[in-house]
Amino acid sequence: MRRIVSLWFPDFAVERFIRWRIKNQNPPPPKDLPFALVESGARGLRLAAVNHAARRFGLAPGQRLADARAQVPDLLSEFHEPDADMKSLLGLCRWLERYSPWVAPEPADGILLDIAGIPHLFGGEARMLEEISGRLAAYGFTARSGAGETIGAAWALARYGAGRLDDLPVEALRIAGEQALTLRRLGLKTVGALLAIPRAALARRFRGETIGENVLMRLDEMMGLRHEPLNPLNPPSSFMAHRVLMEPIISPEGLGAVLENLAVTLCRDLEHKALGALRLLLKLFRSDGSRLSLPAGFSAPTHD
């Protein structure tokens, strides 16, 4: 059965900026003062992201900087760097490959993982998600997670809280704001309310030109009636052997023993299918959060 995890970073741009400032030994903006990242817009500079202190004053992304400064005169600001955000998001995807080989970025503030058959290696799904969130917090990133059988369900639970999908607001369907507003005006405020009306009515009224405007399509994706692919950074491996270690390996002998065990497992699986490998990739995940990849190739397929 498919099992998808969605990680949402509600303050990703600001936290990435803070992490960058600290890494370069520059003082970050004080947490208790309102701070925003700004970008150029059609009507001048506007807020691209704000910290918690700025939200307490009612500031939000999309506001003109001039209006925000009139509302909060001591607002601190720096220019937003979306390219740096994307680079950092991809770095987190690589880091998360220690939990799943199938990791995909969901710009600008999310990551998806396919964890089918994996959680038992980490003591169960709940403990695995707790570990991921805890380690990300240690790196300075606030993450909320949701797990479901579809991308749509996992996405919704990460952003709108755990519980029954039927009880979630229509915004949890990943639809455009205009469509969500129209649904609410019609009295359709939850996913359950949409499930209770005829599909033909939704298809006729909310066909739309984009996926975000097609309410029925998004509903079907959430409920598993329409397949939505997860496109990982790396192509799926034909065969994989994986080990999670309770403590870091500190000796060559220890590493050799683990590698031999992995090789035996991989050879057994290949031989069982009467297949051989032409290319292998060893991924080592260090305790400091870094990663090492070592490729190996053969001139002919082998399972020896």
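The questions and answers below walk through the aromatic pairs, the two sheets and the helices of a predicted model.

Visitor: How many aromatic pairs are there, taking rings whose centres lie within 6.5 Å?

Guide: A pair of aromatic rings is described by the distance of the centres and the angle of the planes. With ring centres required to lie within 6.5 Å, the count of aromatic pairs comes to nine.

Visitor: Is the pair of phenylalanine 9 and phenylalanine 141 stacked or edge-to-face?

Guide: Planes under 30 degrees apart would count as stacked, and those over 60 degrees as edge-to-face. The ring centres of phenylalanine 9 and phenylalanine 141 are 6.2 Å apart and their planes stand at 80 degrees, so this pair is edge-to-face.

Visitor: How many residues apart in sequence are the parts that phenylalanine 9 and phenylalanine 141 tie together?

Guide: Both phenylalanine 9 and phenylalanine 141 are buried. Phenylalanine 9 belongs to the loop between strand 1 (4-8) and helix 1 (12-23), while phenylalanine 141 belongs to the loop between helix 5 (125-138) and strand 7 (144-148), so the parts tied together are separated in sequence by 132 residues.

Visitor: Is the pair of phenylalanine 17 and phenylalanine 35 stacked or edge-to-face?

Guide: Phenylalanine 17 lies in helix 1 and phenylalanine 35 in strand 2 (residues 35-41), 18 residues apart, and the pair links distant parts of the chain. Phenylalanine 17 has 4% relative accessibility and counts as buried, and phenylalanine 35, with a relative accessible area of 2%, is buried as well. With 5.5 Å from centre to centre and 25 degrees between the planes, the aromatic pair they form is stacked.

Visitor: In the open sheet of four strands with the order 5-6-1-7, which strands stand at the edges?

Guide: The pairing in this four-stranded open sheet is antiparallel, and strand 1 and strand 7 pair in that sense over five bridges, with serine 6 opposite glycine 146 in strand 7. Two strands have a single partner strand each, so one side of each is left without a neighbour in the sheet, and these are strand 5 (103-106) and strand 7.

Visitor: At about what angle does helix 6 run to strand 7?

Guide: Helix 4 (residues 82-96) lies across strand 1, strand 5 and strand 6 (110-114), at about 160 degrees to strand 5. Helix 6 (residues 151-160) packs on the sheet and touches strand 1, strand 5, strand 6 and strand 7, and its direction makes with that of strand 7 an angle of about 150 degrees.

Visitor: In the open sheet with the order 3-2-4, what is the average twist from one strand to the next?

Guide: This open sheet has three strands and mixed pairing; strand 3 and strand 4 each have a single partner strand, so one side of each lacks a neighbour in the sheet. From one strand to the next, the twist averages 45 degrees.

Visitor: What covers the buried residues of helix 1?

Guide: The buried residues of helix 1 are Phe12, Ala13, Val14, Glu15, Arg16, Phe17 and Arg21. Helix 1 packs on the sheet, touching strand 2, strand 3 and strand 4, and its direction makes about 110 degrees with that of strand 2. What covers these buried residues includes strand 2, strand 3 (44-50), strand 4 (76-79) and helix 4.

Conventions:
Residues are numbered from 1 along each chain as its sequence is written. This is a predicted model: local features need pLDDT of at least 70, side-chain atom pairs count only at pLDDT 80 or more; totals for chains, interfaces and linings use all residues. Side-chain values use heavy atoms; hydrogens and water are left out. Rings of Phe, Tyr and Trp (its six-membered ring) pair if their centres lie within 6.5 Å; planes under 30 degrees apart count as stacked, over 60 as edge-to-face and the rest as tilted. Buried means under 20% relative accessible area, exposed over 50%, partly exposed in between (1.4 Å probe, protein chains only). Two strands pair if DSSP finds at least two bridges between them. Contact means heavy atoms within 4.5 Å. Axes are lines fitted to C-alpha atoms, for helices over the stretch in contact, and angles run from 0 to 180 degrees between N-to-C directions.
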